[in-house]
Amino acid sequence: MDKALIDGLIEIIGKDAVVADETRLMSYESDALAMYHEKADLVILPADTAETAACMKLIASFGVPIVPRGAGTGLTGGARPIEGGVVVATSRMRQVFEVNPTDGFARTGAGLVNVDLTHACEDHGLFYAPDPSSQRACTIGGNVANNSGGPHGFKYGSTTQHILGLVIVLPDGEVLDLSEPRVDPEGVDLVGLFVGSEGTFGIATEVTVKLVPTPEVVETLLAVYTGGEGLSKACDTVSEIIRVGLEPSAIEILDTLTIAAVEDSVFAAGYPRDASAVLLMEVEGTPTEVQGTSGDIMKLAKTFGATELRSAQTDAERAMLWAGRKGAFGAMGRIAPDLYVADAVVPRTKLREMVRTTVAIAEKYQLKLATVFHAGDGNLHPNICYDRRDKEETRRVVAAGAEILEACVAAGGSLTGEHGIGLEKLAEIGLLFSEQDLQAMGRVRRAWDPDLRMNPGKALPLRACVELGDKPKSSVEA
Amino acid sequence: MHMSTPFEQQYRGATRDGSQDELPVASPKTEDETRELLRFAAEDGLKVLPRGCGTSLGLEEPRRRADFVIDTTQLAGVIAFEPSDGTVTALAGTTMASLAELAAGSGRRLCPDLAHTKSTLGGAIASGRTGEDRLRYGPMRDQVLGLRAMLSADISSKSGGRLVKNVAGYDLHRAHCGGRGQYGLIVEATLRLHPALPKELHLMRRFDSLEAAIDSGNQILSTPCRPLSIRVWHNDDETSLQVHLGGREDVVSAEVLLLESKLGDLQETTSRPLPQTQIRLDGPISRTIDAAHWVEVIRKKAGASHLIADLGIASVCLATTPTSHGGSCQQASIAALPARPKGTDLFGATQPGTSPSAAIVALQSRVATGLDPLGIFSR
Ligand SMILES: Cc1cc2nc3c(=O)[nH]c(=O)nc-3n(C[C@H](O)[C@H](O)[C@H](O)COP(=O)(O)OP(=O)(O)OC[C@H]3O[C@@H](n4cnc5c(N)ncnc54)[C@H](O)[C@@H]3O)c2cc1C
Ligand SMILES: Cc1cc2nc3c(=O)[nH]c(=O)nc-3n(C[C@H](O)[C@H](O)[C@H](O)COP(=O)(O)OP(=O)(O)OC[C@H]3O[C@@H](n4cnc5c(N)ncnc54)[C@H](O)[C@@H]3O)c2cc1C
């Protein structure tokens, strides 16, 4: 890395906010997809929009690639460099600038941790709805970049439905102030386009989010399924809940291996160890609404073979049931040192069939599969537990992951419901989009970042971003 | 394909020299015919104005310069209907009303619930407007799961998909939502379907003043009730508050009791159609619409017959009279605002004093060129 660039950055943000030390750089070389890692040349930690803009301007003059980074909990390799460059981390942008309870919005720094936003507004009877299971660590900026979801996305939708405004620093250091919350965007919806752009358009430094009222009553339900067909029965219950139009706020499934891992861990939730699957659901609203919907769901689960039905009786019990779900990925560390979290979506009518297919694929590749997923949205997470030091097993993991994705797409599904394409799924994106589709996306990417310096090699196979008239190519850059 | 003139009475386009004129209309029946029209436009350097049923185009200000219109109403039909998964995919010319009916037949609800029965799927998305049910279900863009657009004869673009959750690829459909056909011709789109509401109820109460009606409406916003809309109707003779409730029967009954405990007796009524001609003011996100005062000033100055305020979504609709239609009413409204809230937006037109920064405009223009690289669409 050019010393003049490093010196210039130190001048702007100070020595403490520039990480060049080899040991410190190591903690930025991968995200939560530990399979891939690459050391950054430099990491910088600007404190606000002005510092970010000044740094970006300087970096632009050196023509160096930029990788935005929140907390690094992403699961597709999005927040790590592939060919050196400067990582711009938002961890010092944790401010809550404004909570407006009347109009139901808040303005925060992009580096604010998701759960801290909810803490900041709970006294007003409001909360921030998107709740990725990583919410104790991941940042609002990372959520915006990945259009993240979460268990309660079934009722509240993904991040994009909750973002009202942004302040964005473009790759050349230009600042776009789109922070004013608006009913409808004026002209091209830049905020809407930015959400889900995986760090390839610019860096969000401030985020204006919608807040929603804390529900009057919340009931957490657990339906337990046993026996060989338990997981299928749980899937069928979910498909039926959706078919008949019941509206809980969350519908999650955990399979037997996940239950065992959770129960052996600090996240132990009291899920029955002999269950082949549990269905964890939440119902929110007025007392009448919750009572009616919960009653209907319980009846339906029973009809579909649930052997035990529970409703959390206390806040502590409710928190425990959710801690098990939200800690499930972490608990899987007990099964094997590494975890490959697949993220695919299928139509909600095909849950049973696709869960079976993923089990069969894992068996074929002799891999350990632990499934825990946002069933209500058809968002599967077949997680493969493995050891990345075993090269041969790692090769099988990659092959099985690709086959799972292909099967889901063939069933009318998608490559990703919430984690994004990142680096991991570039090779598969052609399963969903034609060259023309990718070229249109590529032209929009160039509109934001003409030099393609923002997070190169992520989200879109860049060489497909050919100029109009060029022969389309489908090669992947990475 | 047929090229037909004259143009519909209700709206006229502006020709390229800026004068108002009737425009030729082409009504392709297939995508191939549409492609040919776009080829013709590119070859001859003509600007295309996509049109659905024209129910919103007639209200657009300023009129855009174009050379001909592509009417999409014959590009209609359902491609995939998955009530159990909660999605419907259809061609752009399909009417929203027919999709709503299809959904209702299988226990689903299509949003937004648009007042105009002839509006098309493509037109509803491209005009990005609001249904009466926005307070509960959100804006049109929250309903669009994916779409396919033709950008020229040889270029198309698809984004999103036919799934309720999906983050693969950039969300280009967000640019087409509310894009008023400036960045491509929407050919097909997938919308999310919601569970049907077993019970719906419209309640009404009259008030002596606009302020009192708005205050009461705002009180409802702070209760646990989740109405589909809270609407204030106001003219010289009458001010009333209309609340549209929906959901499980027991839930609606409980909500009625709660509302009556706060607002006194409420009268059951029927859904009230919006006036035929109107302009809409979508303010910034103020739930309170504390602007009762200026809104009334506007109504008088603009010569509007009615004012309809949707509380909670900061949307105000002014019903225009034959003598105060469109542009003049809009101009008068802007002039009348004493302290205009920042960002007030009349049918998508940017207002002086609230212009976005040069950097934003430049980026919007680059994105527009990226989406419509041959510059075929009228902007
Ligand atoms: C245990 C665990 C559970 C998880 N559960 C969920 C879940 O339920 N739902 C879900 O959706 N995801 C989940 N994830 C994935 C991950 O937490 C989310 O993708 C999260 O939004 C990433 O946030 P982050 O701050 O860690 O971003 P990072 O991982 O640092 O970055 C993610 C991407 O965003 C870009 N980026 C980050 N900040 C910015 C910014 N300010 N401006 C522009 N680009 C930026 C990066 O370049 C990268 O491409 C989980 C991950 C783990 C490890
Ligand atoms: C009495 C009345 C009541 C109304 N009530 C409501 C209401 O409650 N809520 C509301 O939001 N609106 C309302 N409107 C406005 C209008 O009806 C809606 O916005 C409607 O959805 C427009 O549909 P359309 O097919 O008529 O579109 P058009 O008027 O034909 O077109 C609207 C815009 O979309 C573009 N467009 C059309 N089709 C395409 C396509 N396939 N691809 C790309 N661009 C396209 C056009 O260029 C134009 O900019 C009302 C209008 C009237 C007259």
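**Exercise 1. The surroundings of ligand 1**

Task: In this predicted model, state which residues come nearest to ligand 1, and describe the shell around the ligand.

Solution.
Step 1. The shell around ligand 1 has 35 residues, and those that come nearest are A:Pro68, A:Thr73, A:Ser134, A:Thr139 and A:Ser148.

Step 2. Look for N or O atoms that lie within 3.5 Å of an oxygen atom of the ligand. A polar backbone atom of A:Pro68 is 2.6 Å from a ligand oxygen. For A:Ser133, a backbone N or O atom lies 2.9 Å from an oxygen of ligand 1. In A:Thr139 the side chain supplies the N or O atom, 2.6 Å from a ligand oxygen.

Step 3. Ligand 1 taken alone exposes 960 Å², and the protein buries 95% of that.

Step 4. Assign the shell to elements of chain A. Strand 3 (66–69), helix 5 (140–146) and strand 10 (203–210) each give two or more residues. Helix 5 gives the most, with 5 residues.

Step 5. Sort the shell by residue type: 12 are nonpolar, 20 are polar and 3 are charged.

**Exercise 2. Aromatic pairs at A:Phe201**

Task: Classify the ring pair of A:Phe201 and A:Trp448 and the ring pair of A:Phe201 and B:Tyr170.

Solution.
Step 1. A pair of aromatic rings is described by the distance of the centres and the angle of the planes. Over all chains, the structure holds 6 aromatic pairs.

Step 2. The ring centres of A:Phe201 and A:Trp448 are 4.8 Å apart and the planes stand at 15 degrees, so this pair is stacked. A:Phe201 is in the loop between helix 7 (190–194) and strand 10 of chain A, A:Trp448 is in helix 15 (residues 435–448), and 247 residues separate them. Both A:Phe201 and A:Trp448 are buried.

Step 3. Between A:Phe201 and B:Tyr170 the centres are 4.7 Å apart and the planes stand at 55 degrees, so this pair is tilted. B:Tyr170 lies in the loop between strand 11 (156–160) and helix 6 (173–176) of chain B, and A:Phe201 lies in chain A, so the pair joins two chains. B:Tyr170 is buried, as is A:Phe201.

Step 4. Put the rings together: A:Phe194, A:Phe201, A:Trp448 and B:Tyr170 form one aromatic cluster.

**Exercise 3. The contacts of A:Asn379**

Task: Decide whether A:Asn379 is buried or exposed, and list side chains that it contacts.

Solution.
Step 1. A:Asn379 belongs to strand 19 (residues 379–380) of chain A.

Step 2. Its relative accessibility is 0%, so A:Asn379 counts as buried.

Step 3. The side chain of A:Asn379 makes a polar contact of 2.8 Å with the side chain of A:Asp343. Another polar contact, of 2.9 Å, links the side chain of A:Asn379 to that of B:Lys165.

**Exercise 4. Backbone angles**

Task: Describe the backbone at A:Asn147, at A:Glu198 and between B:Cys111 and B:Pro112.

Solution.
Step 1. Start from the general rule: most residues other than glycine have a negative phi, and most peptide bonds are trans.

Step 2. Phi of A:Asn147 is positive, near 50 degrees. A:Asn147 is in the loop between helix 5 and helix 6 (153–156) of chain A, and at 4% relative accessibility it counts as buried.

Step 3. Phi of A:Glu198 is also positive, near 55 degrees. A:Glu198 is in the loop between helix 7 and strand 10 of chain A, and it is buried, with a relative accessible area of 8%.

Step 4. The peptide bond from B:Cys111 to B:Pro112 is cis, with omega near -5 degrees. B:Pro112 lies in the loop between strand 9 (108–110) and helix 3 (121–127) of chain B.

Key: Residues are numbered from 1 along each chain as its sequence is written. Chains are lettered from A and ligands numbered from 1 in the order in which they are written. This is a predicted model: local features need pLDDT of at least 70, side-chain atom pairs count only at pLDDT 80 or more; totals for chains, interfaces and linings use all residues. Side-chain values use heavy atoms; hydrogens and water are left out. A residue is near a molecule or strand if one of its heavy atoms lies within 4 Å of it. A polar contact is a pair of N or O atoms within 3.5 Å; within protein, one must be able to donate a hydrogen and the other to accept it, and residues adjacent in sequence count only if both atoms are side-chain atoms. Accessible areas come from the Shrake-Rupley method with a 1.4 Å probe; for residues, only the protein chains shown count as cover. Helices (H or I, at least four residues) and strands (E, at least two) are DSSP runs, numbered from the N terminus. Ala, Val, Leu, Ile, Met, Phe, Trp, Tyr, Cys and Pro count as nonpolar, Asp, Glu, Lys and Arg as charged, and the others, Gly among them, as polar. Rings of Phe, Tyr and Trp (its six-membered ring) pair if their centres lie within 6.5 Å; planes under 30 degrees apart count as stacked, over 60 as edge-to-face and the rest as tilted. Buried means under 20% relative accessible area, exposed over 50%, partly exposed in between (1.4 Å probe, protein chains only).
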